[in-house]
Amino acid sequence: MDRRSSASRSSSRWEAVRERRTTVLRLYWVACRRAQSVSVNLATLAPGAALPADHPLVDGRTASAPLVRALRGDRPERLPVWFMRQAGRSLPEYREVRQGTSMLDSCLRPDLASEITLQPVRRHGVDAGIFFSDIVVPLRLAGVGVDIAPGVGPVMDQPYRTADDVERLVARSLDDDALTPIREAVALTVAELGSTPLIGFGGAPFTLAAYLGQGRPSRDHLAARTMMHAAPETWNRLVSWTADLTGAFLRAQVQAGASAVQLFDSWAGSLSRADYTDRVAGASARALSHVADLGVPGIHFGTGTGHLLGEMRDVLVSAGVRDHAVGVDYRTPLDEAAGVLPGVPLQGNVDPALLAAPWPVLEAHVRDVAARGSAAPAHVLNLGHGVPPDTDPEVLTRVVDLAHSL
């Protein structure tokens, strides 16, 4: 995909591509009638299901892309790079197209979600698009009352803490038809990306359960951590349900054209190794197992999870995701992570705080991260968390250019 020299073209281009995207959607739905449906029920997943013939990994568009090669353990000619939250408030074109539209509505409008996904690829020349969405979108599609409050984050219609709360919650299902806007948005995006792969996005079961148990964001996630010990059966019901929601969400993205997936566990760092292993890892593996038979590479990332890197790798293995990488946040040097994860490709881990530092400081840091990443069999350069909203977009473009020059 060609990089545009100026973001000022965004508005005119946004209008110009609408007609083309309508055509793409018509063609996509003809193909979709032949595709396998997504199911939330893990037991109904067909083992060995093939990707559609026009999938980018099958028809060759992304099979040799630097990102895909790195996730499969190869060292491509250039260091692949993309950024978590690369599509977002740091981009003026994002702020323009989002005017008057809520976050969740933006995620569920296929044309808008696609446009936002494409913006950083055009601007920065990154090696992947990351599907623009939010981890609570599957909850909304299943009928849960949830919104994203500005300056706060996901807020539920109520906390789900008791056995009765959870039983009423898990009685809801994610119908296949509800995933239609997700498939449409992915299809539109992939049609524009060409040889640049799209990464599918999903929130890990624990992080979703933490929001549900607290009813809103919290610092310590006490409600979820209490439930897993005080009411283990209720906890298992909850995280099994969130696992299947995320799994169906990921599967819809892959079948519509995503060439890889990333499971985000934003709050797993709050857990001890024992709690993660005994009460969380199985649900994360269950979520990823929904796409294991499709053969796409998978990435597992969490914040504050330096003590859990081996366990996160084990989740990918247990799920049956053959080609996999572990995302490392900014707290753990990549050469140390490579020692914990021998033979595993790594992703990360530029400190987002340094994006606002003078360029010589940031450049030295990026070079150091890349050098440490050489201890792994393959490396995808990324941040150790998301792009801060006040980041200068030109800085990200310079980081991409630097990475590609190494």
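What is the volume of the largest pocket? Here are some notes on that and a few other spots; bear in mind that this is a predicted model.

1. **The largest pocket.** The volume comes out at about 1,300 Å³. There are 42 residues in the lining, and if you want to find the middle, look for R85, R89, M103, D134 and I148, which lie nearest the centre. Several elements chip in: α4, α5 (103–108), β2 (146–149), β3 (153–156), β5 and β6 each supply at least two lining residues. Sorted by class, the lining of the largest pocket has 22 nonpolar, 13 polar and seven charged residues.

2. **R85, at that pocket.** R85 is among the residues nearest the centre of the largest pocket, so have a look at its backbone too. Phi of R85 is near 60 degrees, which is a positive value in a residue other than glycine. As a rule, most residues other than glycine have a negative phi. R85 sits in the loop between α3 (66–71) and α4 (92–98). Is R85 buried or exposed? With a relative accessibility of 55%, R85 is over the 50% cut-off and therefore counts as exposed.

3. **H221, another positive phi.** H221 also has a positive phi, near 55 degrees, and is not a glycine either. You'll find H221 in the loop between α10 and α11 (222–230). The relative accessible area of H221 is 3%, so with the cut-off at under 20% this residue is buried. Which residues does H221 touch, leaving aside neighbours within four places in sequence? The contacts are A210, Q214, W267 and S270.

4. **Helix α10.** A210, one of the contacts of H221, is itself a buried residue of α10. This helix covers residues 205–214, and nine of its ten residues are buried, so α10 is largely enclosed by the rest of the structure. The buried set is P205, F206, T207, L208, A209, A210, Y211, L212 and G213. Just after the helix comes G215, with a positive phi of about 85 degrees.

5. **The sheet.** Seven strands make up an open sheet, running β1-β4-β5-β6-β7-β8-β9, with parallel pairing. At the edges are β1 (129–130) and β9 (379–383), each of which pairs on one side only. Helix α15 (residues 309–319) packs on the sheet, where it touches β6 and β7 (324–327), and its direction makes about 150 degrees with that of β7. Within the sheet, β5 (residues 260–265) pairs with β6 (residues 298–302) over five bridges, in the parallel sense. To locate that pairing by eye, find D265, which stands opposite G302 in β6.

6. **A cis peptide in β8.** Check the bond from G348 to N349: this peptide is cis, with omega near -15 degrees. Most peptide bonds are trans. N349 lies in strand β8 (residues 346–350), which is one of the strands of the open sheet.

7. **Cavities.** How many cavities of 30 Å³ or more turn up in a search of the whole structure? The search finds two. The second largest has a volume of about 30 Å³. Its lining consists of P56, T62, V190, L193, G194, T196, P197, L198, G257 and S259. By class, that gives five nonpolar and five polar residues, with no charged ones.

How values were computed. Residues are numbered from 1 along each chain as its sequence is written. This is a predicted model: local features need pLDDT of at least 70, side-chain atom pairs count only at pLDDT 80 or more; totals for chains, interfaces and linings use all residues. Side-chain values use heavy atoms; hydrogens and water are left out. On a 1 Å grid over the protein atoms alone, a cavity is a set of points where a 1.4 Å probe fits but cannot get out, and a pocket is an open set with protein on both sides within 12 Å along at least five of seven lines; lining residues have an atom within 4 Å of a point. Grid points are joined across faces, edges and corners, and a volume is the space filled by probe spheres set on the points. Ala, Val, Leu, Ile, Met, Phe, Trp, Tyr, Cys and Pro count as nonpolar, Asp, Glu, Lys and Arg as charged, and the others, Gly among them, as polar. Buried means under 20% relative accessible area, exposed over 50%, partly exposed in between (1.4 Å probe, protein chains only). Helices (H or I, at least four residues) and strands (E, at least two) are DSSP runs, numbered from the N terminus. Two strands pair if DSSP finds at least two bridges between them. Contact means heavy atoms within 4.5 Å. Axes are lines fitted to C-alpha atoms, for helices over the stretch in contact, and angles run from 0 to 180 degrees between N-to-C directions.
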